[in-house]
Amino acid sequence: MSMVADKYTFQAAVAQLANRIKMAVGMRSQLESKNRFALRLETQINPVDPLLWLASQNCDAHTYWRGRDGDFEMAGVGAASVCNQISEINTNCNDDLRYFGGLRFDTQRPPEEQDAIWKPFAASRFVLPRFELIAEPDRHTLVCNLLVEELTAECLGHINHELSELSAEHPWDESAPLSQVSRVDNPDQQGWASSIANALQSIKAGRLEKIVLARRSDVESSHNINPWQLLAKLRETTEACTLFGIQPEPGAVFVGATPERLYARHGDQIKSEAIAGTRPRGTDSKEDERLADELTASIKDNVEHQYVVKSIAGHLEALSQSVTVAERPHILKLARVQHLKTDISARLNDHVSDADLVNTLHPTPAVGGVPDDLAREEIAWLEPFDRGWYAGPVGWVGSGRSEFAVAIRSALVADNRLMLFGGAGIVNGSTAEYEWQEIEYKTSLFVSTLTDENK
């Protein structure tokens, strides 16, 4: 038993990868003849917590992704390749190779109107991590991704040095519990009421049918926040959510635990969903079911929900041979809130790319509005902050496969600051007070997780 365990220690895995990297220099011509642009080297490793390992690395770029069913979790450091457009991603590669990243909510926002804290993320950014630690139900794997053009003695020597700088996971720093020092809402309640009034005026005038307005809450903590430890806590306390963490360079980290999938693709098969309409969870099972029944019966919430269903299904019809929509929504129960959810699937036409899908589906009315172009104009006018990547698509693209989530229930972490984002769908009948409280429900999981109030 001890010999098997020793075989897969972190140090043994690093040594095995180092030897394979040295040997890779002789594979360049063979890979080029097959039109391959990258080489993926893998070795099995004893179980390691990807978030604990990620927090232990000193590389500039950090990437984290955990699918909402929990059977694929990836922690990545460094960058073998970076693409600034989905269309630039080369998928003629190993089937297991993935580019991870995302886009701004509004990629057309002028640079002078963008918050400086979002600048490292760019309008669109996808990275093939240099090193990955992957956790799956039946195995843990340490990976090194190499571009074919890097298969020279000089480049591989440098990459082997980077490999030697990786460390095994270290325990979390068990410092004193964090506490909230201050909180500033942008807009504040008065500004929110004004924004809602303007939005409702546009709806009553027939300019809009629906608009999603968001709020940014800047929470200052008693000391620095470890974003990977925060994600580890969210991993424990959330269900049916995709977890992600993106850090292009030292500084701010964009993290989230989102329930909303934009789409998942395997070949020409695609799964999507509409999530809109919200109630809090009840304090007991009886109240929880009462709130769920109230949500199901709500005319306002069903109207809001159907905007999303019709938008996604309609956009997919333009790209697909067939589209299937569930007959009625069901209740999606999360840790703090519950939503109306309708499942949607489709069989795509030939040659539909991920760039086509993202550009067509985003933004859905769950984060934008109806009609889309006018809602985005109104959002830019009414919201007093830059959404950045909040409510944008985040995910990965591989060879014939891809998955994107919508980056809601998300936050930027920078030193001791947590910049929380939350939105609410505004339709005829919405009130500023109710929608403010809905956002409180949605963002409360982050604050309670940060301060351990839920324990």
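The exercises below work through the fold, cysteines, backbone outliers and selected residues of one predicted model.

Residues are numbered from 1 along each chain as its sequence is written, and side-chain values use heavy atoms, with hydrogens and water left out. Because the model is predicted, local features need pLDDT of at least 70 and side-chain atom pairs count only at pLDDT 80 or more, while totals for chains, interfaces and linings use all residues.

**Exercise 1. Overall fold**

Task: Describe the secondary structure, dimensions and burial of the chain.

Solution:
- Step 1. Take the secondary structure. The chain holds 12 helices and 22 strands. These are DSSP runs, numbered from the N terminus: helices are H or I with at least four residues, strands are E with at least two.
- Step 2. Test the size. For 455 residues, a compact globule would have a radius of gyration near 23 Å; the chain has 23 Å, so the two agree. The radius is taken over C-alpha atoms, and the globule rule is 2.2 Å times the number of residues to the power 0.38.
- Step 3. Add the box. Along the principal axes, the C-alpha atoms fill roughly 70 × 55 × 45 Å.
- Step 4. Take burial. Of the 455 residues, 55% count as buried. Buried means under 20% relative accessible area, exposed over 50%, and partly exposed in between (1.4 Å probe, protein chains only).
- Step 5. Look at contacts (heavy atoms within 4.5 Å). Among those with a separation of 6 or more, 77% join residues 24 or more positions apart.

**Exercise 2. Surface and charge**

Task: How much area does the chain expose, and how far apart are the mean positions of its positive and negative charges?

Solution:
- Step 1. The exposed area is about 19500 Å², and carbon and sulfur atoms supply 47% of it. Areas come from the Shrake-Rupley method with a 1.4 Å probe; for residues, only the protein chains shown count as cover.
- Step 2. Assign the charges. Lys and Arg are positive, Asp and Glu negative; His and the chain ends are not counted. Each charge is placed at NZ of Lys, CZ of Arg, CG of Asp or CD of Glu.
- Step 3. There are 45 positive and 65 negative charges, and their mean positions are 3 Å apart.

**Exercise 3. Cysteines**

Task: How many disulfides does the whole structure contain?

Solution:
- Step 1. Apply the criterion: a pair of cysteine sulfur atoms within 2.5 Å.
- Step 2. The search finds 0 disulfides. Cys144 is in none; its nearest cysteine sulfur, that of Cys59, is 11 Å away.
- Step 3. Check burial. Cys144 has 0% relative accessibility, so it counts as buried. Cys241 is also buried, at 6%.

**Exercise 4. Backbone outliers**

Task: Locate two cis peptide bonds and two non-glycine residues with positive phi.

Solution:
- Step 1. Take the cis bonds. One joins His362 and Pro363, with omega about -10°. Pro363 lies in the loop between α10 (354-361) and β18 (369-370). Another runs from Val370 to Pro371, with omega near -10°. Pro371 sits in the loop between β18 and α11 (372-382).
- Step 2. Take Ala240. Its phi is about 55°. Its loop links α7 (227-237) and β11 (242-247). At 33% relative accessible area, Ala240 is partly exposed.
- Step 3. Take Arg409. Its phi is near 45°. Its loop lies between β20 (401-406) and β21 (410-414). With 12% relative accessible area, Arg409 is buried.

**Exercise 5. Residue surroundings**

Task: Place Thr43, Glu304, Leu52 and Gln11, and describe their surroundings or distances.

Solution:
- Step 1. Thr43 is in strand β1 (residues 38-45). It is buried at 6% relative accessibility. Leaving aside neighbours within four places in sequence, Thr43 contacts Ala13, Gln16, Leu17, His140, Thr141 and Leu142.
- Step 2. Glu304 is in helix α9 (residues 299-317). It too counts as buried, at 6%. Beyond residues up to four places away in sequence, Glu304 touches Lys210, Ala276, Gly277, Gly425 and Val427.
- Step 3. Leu52 is in helix α4 (residues 50-55) and is buried at 15%. With residues up to four places away not counted, Leu52 touches Glu169, His170, Pro171 and Trp172. Leu52 and Gln229 are 177 residues apart in sequence, yet 7.6 Å apart C-alpha to C-alpha.
- Step 4. Gln11 is in helix α2 (residues 10-23). At 54% relative accessibility, Gln11 is exposed. Its C-alpha atom is 57 Å from that of Ile196, 185 residues apart along the chain.
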